[in-house]
Structure formats: C-alpha cells, structure tokens
Amino acid sequence: MPSKAKTGKKLVIVESPAKSKTIAKYLGEGFIVEASIGHIRDLPQPSELPAELKKTSVGKFAVDIDHDFKPYYVVSPDKKKKVTELKAALKDADELYLATDGDREGEAIAWHLLEVLKPKVPVYRMTFGEITKEAIQRAMGNLRDVDQDLVDAQETRRVLDRLYGYEISPVLWRKVARGLSAGRVQSVVTRMVVDRERERMAFKAASYWDLTGQFGADSGSFKAKLAAVDGAKVATGRDFNDNGELTSRNVAHLNEDLATSLAAGLQDASFTVRSVDTKPYTRRPAAPFTTSTLQQEAGRKLRFSSKSTMQIAQRLYENGYITYMRTDSSALSDEAITAARRQASELYGPEYVPQSPRVYSNKAANAQEAHEAIRPAGDSFRTPAQVAKQLSGDEFRLYELIWKRTVASQMGDAKGSTATIRLGAVASDGRDAEFSASGTVITFPGFLAAYEEGKDETRGDDDSDEARRLPNVAKGDSLTAADIQAVGHETSPPPRYTEASLTAELEKKGIGRPSTYASTISTIQDRGYVRKQGSALVPSWIAFSVIRLLEQHFSDYVDYEFTADMEGDLDKIANGQEAGASWLRHFYFGEDSDPGLLSIVNNLGEIDAREINSIPITDDITLRVGKFGPYLESSAAVVDPKTGEIVESARANVPEDLAPDELTAAKAIELMETAAPEERVLGTDPHTGHTVVAKNGRYGAYVTEIIPEMTEEELAKQPVEYYKNGKPKPPKKPVKAKPRTGSLFKSMTVESVTLDEALQLMSLPRALGEDAEGNLITVQNGRFGPYLKKGTDSRSIGSEEEIFTITLEQALEIYSQPKQRGARAAVPPLAEFGPDPVSEKNIVVKEGRFGPYITDGITNITVPRATSLEELTREQAVELLAEKRAKGPVKRTATRKAPAKKKATAKK
C-alpha cells in the first residue's frame, strides 16, 4: 500500500476554542489549530454499560476491580461529533501536536486524544506556561512524549473518586437523605466548615474591661490604652479560652466596677512618660501568586468567589494576558524576574529595586513546582493601562491585581521604625496604672508603593498597632490626660471561614489540590451542605448529619491528615515512585491489618439513622434533620396555650436563615413556644366520613382528609385473581387512595380555618360550566394566585375569595377580552445593571418560578446558587448572559414513536 502523500499540514489540538484562536496567531504557515473542548471521554454511569459487562467485575463502578482497576472509558455523547471532526482533520495532517495544559488534567486529555484518534503520523507533546509568541517558540523547541506517570496519577485520582463516591454515597441515601453525595475532598472540606460551626456553638463568651485615654505633650496628643495595673498585665481577649476561662497567669482581669472606679481615680492624676522604645521596622513583599493565594486575595480585595476568580483567570490565560493559572509554584522565570525588576525601576525609580533578585520557595504542604507563578504574560509586562481597553471590568481588576503583586514581589523592603510609649500614674485609691501606645512610621515604602497584601479576619486584634506617628517625647516628660474611659469587651468566637480563609487552610493542611479548590467550594454550596451568609460560609443541618455519619463509620476518610497523606501518595504516582493500580488495590481491598474501603462498607453494622440525624439543643429539645428539612422536637409533654390540650412530642420548624450557632437553648425554647400547631383536627366530612385536618407543611399550611387503612375484613373481600393453571395469585397490596388536599388562602391559618372552609378548599378546582364550543371552564388556586382555566388558556383573577363567588358569565366576560400578559401589578426587579454590551437592552434580576434569574429581555440565566444577590455584580451578570448565549438554545431530545404496525391484509 503506497504511503500517504505529504500535505505539509500540522494539526495542533488544545482544550478550548479561545486558546486555539490565540495560539493560531503565533504559529507559522501550515499549522491547523483545533480544540477538543475539554475531555473527550470519561467513565460512564454503570447503568450505561453494555449488558454483557453489567454482571462482570466492571459492572459496579465502570472500573475493572479484578484486573488492576482498569477503567472502562466511553466517548461522551456530546463529544462524538468533535471526535469525528478531529479524526477528519488528522487525515490531512503530517504531524500531530498535543498542546493541552501541562498539568495532570491536561496530560490526561492528551493521552485520551492519543488513545481515541490512534494517529499514524508522528505525535509530539507540546506544553507552555503562557500563550505568547516567545513561549510558543520555546515550546516548539522542547517537544516531548506524553508523560505516562502524570496520566497514571490522574487516572488513579479519577478511579479513586469513583470508588469513594459510589461506595459511601448510598450509605448517606439510606441513613440521611436521598440524593446526597460523598466526595473524597468535598466531604473533608464540609467537615472543616462544620467543625468551625461546632466551635462557635460550644463557645462561651467572657467579658473583660480596660481603659482608654487621650494624652497630650507639647509636640502633640495621642491615644493610649491601659496595659498594666500594679505591674500586672491587663487581661485581653487572648488570655481566655473558648470556654470563657482565664488561662493566663499573673494578669489583672478587670470587671466593670474595677475599671470604672480606676477611671474615676485617674481623672486628676499626674501622668508621666515611663519609657520610649524605638525599633527598626522592615516588611518584605509577598510572593507572586499561586492558584491558592490568587483565589484568597481576589476574595479579600475584589470580593470574587473562588469559582469566578478561576473563570476570569482562565480567560486571561487563554487570551494571552497571564501565565497558566493552575500552579502551586511561587517561582518566577529569569525572563519574568528581569521584566518585573525593569518595570519597577521604570515606574518607581531604581532605588525601589534591590540589588539581587528575590527568589521564592513554596511553603504549602504537598506543593508541586511544575509551573511558574501566576504573572503577566510575556518577556516584558503590559501595564494595566495598556490593556484596559481590551479587557472587561472584572478581567481588568484581576489582571491589575496580578500585575501589582508580580512587580511588587521584586521590589525592596518597606522600612521604617516602630515606637512604643509607656506612660503611667497612680490613681486616688493607690492603684498604679500604666498605659501604652504604639505607632509605626514608614520612612521608605519600598514594595508598598505598588501593592499591599490583604488579611483575613482574626481574633484578638484589640491591641494591634496603628500606622501612626507618635509625638516626640522622652522618659520623665509630663503629660496631660483627658477623656479617660472604662471600655467593656467580650471575647469573640472563631470567625467562620470565608472562601479565602478556607482556601488558605486547605493549602496549609495539604488537602486536595489548589487547582480544585474553587470547584470543591462551589460543589459543597450547590449540594446544599454550605451556604453563604455575606462572605461567611455557614453549614446546613444536613451537613451536620452527613459529617456525623462519616466521622462515626468512615473516620479515616474525613480525617485531615489521612486525606493530606493521600495527596502525597498521588504525587508519588505522578513522580513514577509508585504504581496507581497497586495503590488502588491497597485502598479498596486493604492489606494485612489495614482494612480497605470495601471491608469497611461491608462491615458497617447497624447505623441508627434517628441518632445520626439528631442534635440535642436542651435536655428536652432535640433538633432533627427530617425528609423536609430540620425541625425541633420536645420530649416533654407541653400544654397548648390556645386549646389547653396536652401535646406529646411537640414540634417546631427551624427557619432556613437561622445559622446553627444561633440556635441557642433560649432560641429553641422561643421557637417551641411560638410554633404553630403541626396538625389540627377540624371535624368529619359528612359525605365521606373521613376526618379532615389542617397542617403546617414544608410549602405552607394546607388541609387534607385522613383516609383510613382497609380492615382485615375488607381486605378479605377483595376479588381473587388466578393463574392460568387455576391456582390463586397472592393478594395484591391495595393501592392507597390519594387524599384530597387544598392550600390555605393567605387570609387563613391552621388555627382559624373551619371545617366548611376546608371542605370548600378540598373541592377545588371548581367547575363553572362550558363555553359556546363546549370547553369546560374551571377556577382554582395556584402558586401565583387564583386563575381560570379553559383547556390550555389560563387567566388570572383578582383575589382568592373570588374562587368561590365568580360566575360562569363573569368568566366568559374575562375570556372575551384579549389576553393581557403581565396584567397584574408590575413587580419591580430585584436588581438592575444597565445595558448589556451585546444586546444593548437593560439587564435586570427578576424573581422567577425557580428562583431569581438574570435577563436582558432576550436571554435568561438563573442566578447561580452559590452567588447571593448582594454579591452579584454587573460584570458577573454580563458574563453569565454571554456564557448562556454561547451555549445556544437547549436542545430537547425528541421522543421517537415506534412506527405503527401494519395491519395484515386479509387474504381473499
């Protein structure tokens, strides 16, 4: 067979279309750049496996657990067309360049492409940390083969996550709630948030007092705080533990009386300076950004979620503005160091650049140094002003942050001096009071001229130094005193995690990979384990149940150190020091005294679901996580104040917006005392004999009838069915009759609704009669209010009470009018963001049937669950609409009907 004629074409495959467009500009003639649009194949759901595999060792996980955990991959249905296109492009190419990202994920994508496309031409692996002409040229000079160790590490991670999720999630379904999921990293991250809330719930505040005063000298005045009484340090928040106990020895713990009397005794006292201590001040710049530190700082300074930060950074990278954004390294290339030092010198002066370049090493656990730090792309950096017109608002803000941090990292230290003044006097009651004031003066700003790193909320900052200049005083100088006041304080509980502080803690503990932090934090919010309250992350009660079950029965798998060690093992696989198959075998099947996951799942024993889903709040009140959400239950019989009845196991709903640490004993008692009755018997329906009750349900109050179970005599009278051989079939379980129900009107309550009203509500929809064409018209109540219905034509009516008074004539009159869309009073939008840059129509946020959504009148997109309306910005709204437009309309799968069978033609 003759060899294929050379075409001179070279096929380059990357992940994203945006990346392909940018790279195409820098490659020479003959290069064709295509995008795989992410992974082209993955593990299928076990239910999607071929029938012959479902009963084999592959059937449970789509992974062959008996043969080295070999995955069974399939091309994703939505990627089959793309694979066909790539194969067609490969037929005309002489060479194939796999230019996916240089991390484990990118290496795996390249390997999958190699496996599926089966190229018969030379194949080269091409990687680069930035999309610039210089970087692409360097990459072409450093081609290599696909790194099988990196592929093995990524494949091991994928199989590990499948084993973990598919074995543990079903336990959660049986014992907590259907639809829950357990994830190797997400469960540990959820535990961190739950543990912090537990600390807040157990926290006991302690009070302490001190004094402040304004003191004057000839050279100026300053504010100082009480530091010691009779030589003993005054207690501050740091001197107490979370149980409210004083842990420091030899400290003066002032209460309100002691502090107030001391302040009164110092009103006429003579204050003098007792000491002046001056020390040099030096502060070094922060290292260039890693993935983790970028997410933290963007959260602090720009209020971006981790997910938004990574999406924006991805666009900046793909369009050639920054280097690769998934990296654990804070190192800069020689070219980048030169560019940063040159730019710092040009913008701030040569004195702002140290003689030697700064070199940074990563301090995080399990850091991988595979990439360079995140920085502006190129061998020379573009300033924010030079790219402002090319970037959107959020893109510009993130680029500016990265640029500032990179340039500042190669600038000189900030220098100055910190002065501490100690001053004191003897009060009228003989107590010696010593005050202290500190101030820092910056004499050379150094890197601060370009950038200053943000900080997360911490406890015990009540005596932090201020960047202020103190007056020039000397020991022995007399001072005037004014406004000496006693000030009370309370210790504060540990602050809740924000996305930024949670990311920092994950990196510190070595849990997971920084490249996955954003998606993990987003996942635990999307799945209802965690919600945002402002910027703080608050766990749900169902998260408490999930973590409790995992701690009791899968303790290793939510252990922080165990999870971090697992990351270390995966790193060894990536470095070729261990084989993925043998590691998975040990993890799943165990070895010697170390039980594997399979053994733990098979020997769980009995799990008390009620105990797992119960949290004691007081001796008598327990919070329970139920099918329809959390509720309080009292074990003590209580008397209903309205009816005088004794109620056993009284219940009360827990408000959705009440954080777990806010459900104190006092709050629980209040909720129980003010709770509406769960159920109230209204009487008996005279027509059916069924008891009618009013209830408080998850979606509001309603009335329903109680249909009694069939008696043994009634069951015995049921007709008997027989098999063809004449033997009787076993009796079928009778189908339960569906009870009639009806939601209460807004003007009704469980306590006030009457039996007659309940019977009316349960009778809905109410038939009014037929129109001239014989179409039945009914009236009923719906989620959006009362309405008429004729076939598929619905019309709103005024009030709920009209449901029982409106006549057929009135309904026909309404239908004779043209249908008015939005005829009801216009509801103002929840937010407005001005004109969309594409459609030029006004962007608003509206309340929809399934929650708030963003619209420009043409394109609609639901507000992401992890984003609160208060945090939603114009840039995010524009971005979400643009993403929805790019996806195009949702393709609905047409239901194919089987062709009708042809009737046999009768023979004549």
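## Reading helices, a sheet and unusual backbone geometry

Mentor: In this predicted model, helix 6 (residues 148-175) has 28 residues and reaches 41 Å from its first C-alpha to its last, close to the 40 Å expected at 1.5 Å a residue.

Trainee: What makes Asp147 and Asp149 a polar contact at the start of helix 6?

Mentor: A side-chain oxygen of Asp147 comes to within 3.0 Å of the backbone nitrogen of Asp149, and a polar contact asks for a pair of N or O atoms within 3.5 Å.

Trainee: Why are helix 11 and helix 13 called roughly perpendicular?

Mentor: Helix 11 (residues 334-348) and helix 13 (residues 393-408) pack at an angle of about 95°, with their axes 8 Å apart. Angles of 65 to 115 degrees count as roughly perpendicular, and therefore helix 11 and helix 13 are described in that way.

Trainee: Which residues meet where helix 11 packs against helix 13, and how do they divide into nonpolar, polar and charged?

Mentor: From helix 11, Ala340, Gln343, Ala344, Leu347 and Tyr348 meet Trp403, Thr406 and Val407 of helix 13. The residues of this contact divide into 6 nonpolar, 2 polar and no charged.

Trainee: What makes strand 27 and strand 30 the edge strands of their sheet?

Mentor: The sheet is open, with 4 strands in the order 27-28-29-30 and antiparallel pairing. Strand 27 (679-684) and strand 30 (741-743) each pair on one side only, as edge strands do. Direction ignored, neighbouring strands of this sheet are turned by 20° against each other on average.

Trainee: How do you know that strand 27 and strand 28 pair?

Mentor: Pairing requires at least two bridges between the strands, and strand 27 and strand 28 (residues 691-697) are joined in the antiparallel sense over 5 bridges. The bridge partner of Arg680, for instance, is Ala694 in strand 28.

Trainee: Why is the peptide bond from Leu764 to Pro765 called cis?

Mentor: The omega of that bond, from Leu764 to Pro765, is near 0°, and the bond is cis. Pro765 itself is found in the loop between helix 23 (755-762) and strand 31 (766-770).

Trainee: What is notable about the phi of Asp230 and of Asp483?

Mentor: Most residues other than glycine have a negative phi, and most peptide bonds are trans. Asp230, although not a glycine, has a positive phi of about 55°, and the phi of Asp483 is near 55°, likewise a positive value in a residue other than glycine. As for their places, Asp230 is in the loop between strand 10 (220-229) and strand 11 (232-234), whereas Asp483 is in strand 16 (residues 478-490).

Technical notes
Residues numbered from 1 in each chain as written. Predicted model: local features only at pLDDT ≥ 70, side-chain atom pairs only at ≥ 80, totals over all residues. Heavy atoms only, no water. Axes fitted to C-alpha atoms, helices over the stretch in contact; angles between N-to-C directions. Helix = DSSP H or I, 4+ residues; strand = E, 2+ residues; numbered from the N terminus. Parallel < 35°, antiparallel > 145°, perpendicular 65-115°, else oblique. Contact = heavy atoms within 4.5 Å. Nonpolar A, V, L, I, M, F, W, Y, C, P; charged D, E, K, R; others polar. Expected span 1.5 Å × (residues − 1). Polar contact = N/O pair within 3.5 Å; in protein donor to acceptor, adjacent residues only side chain to side chain.
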